[in-house]
Amino acid sequence: MSVEGAVRPPAYQTLAEGLRAEITSGRLRQGERLPTEPELCARSGVSRSTVREALRLLASEHLIVTLRGVTGGSFVAHPSPEKLSDTLSTGLNLLLDTATVGVCDLLEVRESLEVPAAAQAALRRTEAQLADLEAALFDPVVDSVERMLAAHREFHTALVAATGNPLFELLSRPLYQVSNERELAAAAPLGFWLQIDADHRALLQCVVAGDSEGAAAIARAHIGYIRAAMTP
C-alpha cells in the first residue's frame, strides 16, 4: 500500500542505490567495469544525464572510479580506509555542526577505539610505522597551534595504522578530522600541549618496547586528560 503524498527519490538516486547494492553484495567486484552509460540507460530506462549523476554520486562515495579514453569507463574501486573514512568524516562534522553530538560523545568513541588500538600497535608495529610515529611528534615550545593540531592528527593516524587492522583506520580517522578542532584548541588550558606531547612520547616508548599494557594505559590516561581539559 502506497502512502499518499510520499515523495519518490530522484531517478539518479534510485539507480545509484541499485548499483551500490551490486557492489556491496559482491556481484560487481573490485576492478570490474560497470556497464557503459548507454547500457545503463537502456537497462534502467533513464537519460544519460541521470546515469552520469548516479555515477558521480557513487564516485563521491569512493565506490567507483571513472577513467576517460578509449579503454576508460567506470570501475569498482579498491576500498581504502583513508578514502572511505572521508565519507564518515562528512557525517561526523555535520553532527558536530548541528550539536547532535558533542565533545564528550567524540571522546567516548575515541577511548573505545584508541585504547585497544594502542595495545595492538605495540604488538604489531613495523619499523616504518615507528618512523611515522616519531615523525609526527611536535615541539610544544616552538611549534604553532596549527602545526600541533596537524601533528596530533598524524600521530593518532599513524598509531591506528600500526594495528594492521583496516577497520581501526576506517573508524578512527574521522575522529581526528573534526571541523571544530581549532575552536577546541583555542579553549585548551595552559600547559595542554605540553601534556599532549608528553603523552605521545610516552606512548611511542611503549609501542617501541612492545608494551601493549603500558600503551593501553597511556592511551586511556591521554583521553582522560583531554576530557578533563575540554569539558566542564
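This report describes the strand pairing, the nonpolar core and the salt bridges of a predicted model.

**Hairpin**

Strand β1, which covers residues 64-67, runs antiparallel to β2, and four bridges join the two strands. Among the residues involved, leucine 67 has glycine 73 of β2 as its bridge partner. The two strands form a hairpin with five residues between them, and in the turn glycine 69 adopts a positive phi of about 105 degrees. Strand β2, residues 73-76, is covered on both faces, with Gly73 and Phe75 buried on one side and Ser74 and Val76 buried on the other.

**Nonpolar core**

The largest nonpolar core comprises 21 residues, and those with the most contacts inside it are Ala118, Leu133, Phe155, Leu159, Leu203 and Ala215. Two or more residues of this core are given by each of the elements α5 (103-124), α6 (127-135), α7 (145-161), α10 (192-209) and α11 (212-230). The largest share, five residues, comes from α5. When neighbours within four places in sequence are left aside, phenylalanine 155 is in contact with Leu133, Ala136, Leu137, His200, Leu203 and Leu204.

**Salt bridges**

A search of the whole structure finds ten salt bridges, including the three listed here.

| Acidic residue | Basic residue | N to O distance |
|---|---|---|
| Glutamate 37 | Arginine 48 | 3.6 Å |
| Glutamate 37 | Arginine 52 | 2.9 Å |
| Glutamate 114 | Arginine 110 | 2.4 Å |

Glutamate 37 forms a salt bridge with arginine 48; glutamate 37 lies in helix α2 and arginine 48 in helix α3 (residues 48-60), so this pair ties together parts that are eleven residues apart in sequence. Arginine 48 counts as partly exposed because its relative accessibility is 38%. Glutamate 37 also meets arginine 52 in a salt bridge, and this pair links helix α2 to helix α3 across 15 residues. Arginine 52, at 39% relative accessibility, is likewise partly exposed.

Glutamate 114 and arginine 110, in contrast to a pair that links two helices, both lie in helix α5, four residues apart, or about one turn of the helix. Both glutamate 114 and arginine 110 are buried. Through shared partners, salt bridges join Glu37, Arg48 and Arg52 into one network.

**Threonine 36**

Threonine 36 is placed in the loop between α1 (11-25) and α2 (37-44). Threonine 36 has a relative accessible area of 29% and is therefore partly exposed. Its C-alpha atom is separated by 47 Å from that of cysteine 104, which lies 68 residues away along the chain.

Terms used. Residues are numbered from 1 along each chain as its sequence is written. This is a predicted model: local features need pLDDT of at least 70, side-chain atom pairs count only at pLDDT 80 or more; totals for chains, interfaces and linings use all residues. Side-chain values use heavy atoms; hydrogens and water are left out. Buried means under 20% relative accessible area, exposed over 50%, partly exposed in between (1.4 Å probe, protein chains only). Two strands pair if DSSP finds at least two bridges between them. A nonpolar core is a set of buried Ala, Val, Leu, Ile, Met, Phe, Trp, Tyr and Cys residues joined through side-chain atoms within 4.5 Å. Contact means heavy atoms within 4.5 Å. A salt bridge is a side-chain nitrogen of Lys or Arg within 4 Å of a carboxyl oxygen of Asp or Glu.
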